[in-house]
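Hi there,

Here is the structure I promised to pass on to you. Have a look at it first, and then read on for what turned up in it.

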Amino acid sequence: MPAPDPVQATVTAIRSMQVRGAAAIGIAGAEALAHHVTRSRGSPAQVLAGARRAARRLDASRPTAVTLHNALGWVLEAVAAEATAAAMKDAAKAAARRVAAEAEASRAAIARHGARHVPDGAVVLTHCHSGTAVAVLAQAVADGKTVEAIATETRPFRQGLRTVRELRAAGLEVALVVDAAVEHVLATRDVDLVLVGADTVARDGTLVNKIGTAGVAALARLHEVPVHSAAGLAKFSKWSADDVPIEERPSAEVAAAGEVPRGVRVLNPVFDRTPPDRLDGYVTEAGLLSPARAVRRNLPRLPAEEAWG
Ligand code: RUB
């Protein structure tokens with residue numbers, strides 16, 4: 001029996017949400033691409049061409065999260081810089097290991113910086129499941145603070161259930177609310193901070209994150225509650241806000257067949273765009289930065305598009 005195709009296995013895992021969350025998607029994509037390169041045969045030109053084809057297939061599996069595009073770009077850059085097929089394979093493996101190690105280091109640095117902006121006794125509202133945002137809140141508790149989190153359920157995939165499990169395990173007081181409760185929570189509770197993750201930060205500082213983020217941020221502005229997004233280098237992109245593709249997922253995630261009358265379309269856009277003026281800042285590896293500063297710092301560090309051929 002032929003060995004399973006690592007690219008197809010990862011595409012399937014990402015499409016089916018077995019692997020989800022921007023950071024995890026980037027790491028999985030880089031690993032799959034490196035695995036593909038180590039198995040490829042032929043001349044250096046053929047190895048590079050095959051790597052680019054595999055990268056394009058992986059890149060299409062979750063189009064909104066630029067972490068995937070960046071991670072694949074870093075691996076392609078490393079492969080393209082080598083002159084022999086053997087060196088390309090070593091370079092791909094090393095680049096994938098670097099993507100994973102940097103993602104871990106990035107999360108730890110963001111957790112340290114972000115925790116400093118979570119006051120002792122704070123009530124923090126969060127949306128969806130971001131491993132980075134969870135790490136910030138867990139760090140605040142590890143630093144000796146008492147923190148209460150209010151997590152949205154996040155329809156339709158209900159990532160909020162994972163968030164509340166992880167935050168509770170980290171020692172926070174935790175409440176779960178339905179997405180529609182956000183305004184009521186902001187109006188009736190002393191929420192100190194809204195903290196969310198990021199799938200992509202566009203070049204004008206627009207945050208692209210789980211559907212509902214833009215509304216949560218608008219309501220937070222109305223109630224004068226600061227909004228932070230935990231976003232390391234791999235989340236930044238040269239794309240304009242309008243060019244960040246918003247993934248539409250199957251309607252069955254929202255309503256099962258037969259739950260709505262014939263002729264009713266069920267839309268399932270799973271990300272939205274939060275303009276930078278609704279954000280107080282991005283918590284990056286270099287600390288809490290305004291959207292403009294965060295973009296200025298990170299744009300020059302992204303992989304070059306030429307690596308895609
Ligand atoms: C997850 C989501 C998260 C970001 C950041 O959406 O929007 O906020 O991906 O996550 P989905 P992390 O569940 O559809 O992937 O901080 O873990 O990178």
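**The pocket and its lining**

Let's start with the residues around the largest pocket: the lining divides into 19 nonpolar, 15 polar and eleven charged residues. Please keep in mind that this is a predicted model.

The volume of this largest pocket is about 730 Å³. Of the 45 residues that line the pocket, A22, A23, A24, R107 and K235 are the closest to its centre. Which helix gives the most to the lining of the largest pocket? That is α5, with eight residues. Other elements that each supply at least two lining residues include α2 (22–39), α4 (66–80), α7 (160–169) and the strand β6 (207–210).

**The chain as a whole**

If you trace the chain from end to end, you will meet ten helices and ten strands. Its radius of gyration is 20 Å, close to the 19 Å that the globule rule gives for 309 residues, so the chain is as compact as a globular protein of that length. Along its principal axes, the C-alpha trace spans about 65 × 50 × 35 Å.

**The seven-stranded sheet**

Try finding the open sheet of seven strands, which follow the order β3-β2-β1-β4-β7-β9-β10 with mixed pairing. At its edges stand β3 (173–177) and β10 (287–289); each has a single partner strand, so one side of each is left without a neighbour in the sheet. On average, neighbouring strands here are turned by 25° against each other, direction ignored.

At the β10 edge, β9 (residues 281–284) and β10 run antiparallel and are joined by three bridges. One spot to look for is T284, which stands opposite G287 in β10.

Two helices are worth finding next. α6 lies across β1 (122–126), β2 (147–152), β4 (193–196) and β7 (227–230), and runs at about 130° to β4. α7 lies across β1, β2 and β3, running at about 170° to β3. Both α6 and α7 also supply residues to the lining of the largest pocket.

**The three-stranded sheet**

There is also an open sheet of three strands, β5-β6-β8 in order, with antiparallel pairing. Here β5 (200–201) and β8 (271–274) are the edge strands, each with a single partner, so one side of each is left without a neighbour in the sheet. Two bridges link β5 and β6, and T200 has V208 in β6 as its bridge partner. Helix α9 (residues 213–222) lies across β6 and β8, at about 35° to β8.

Enjoy exploring!

Technical notes: Residues are numbered from 1 along each chain as its sequence is written. This is a predicted model: local features need pLDDT of at least 70, side-chain atom pairs count only at pLDDT 80 or more; totals for chains, interfaces and linings use all residues. Side-chain values use heavy atoms; hydrogens and water are left out. On a 1 Å grid over the protein atoms alone, a cavity is a set of points where a 1.4 Å probe fits but cannot get out, and a pocket is an open set with protein on both sides within 12 Å along at least five of seven lines; lining residues have an atom within 4 Å of a point. Grid points are joined across faces, edges and corners, and a volume is the space filled by probe spheres set on the points. Helices (H or I, at least four residues) and strands (E, at least two) are DSSP runs, numbered from the N terminus. Ala, Val, Leu, Ile, Met, Phe, Trp, Tyr, Cys and Pro count as nonpolar, Asp, Glu, Lys and Arg as charged, and the others, Gly among them, as polar. Two strands pair if DSSP finds at least two bridges between them. Axes are lines fitted to C-alpha atoms, for helices over the stretch in contact, and angles run from 0 to 180 degrees between N-to-C directions. Contact means heavy atoms within 4.5 Å. The radius of gyration is taken over C-alpha atoms; the globule rule is 2.2 Å times the number of residues to the power 0.38.
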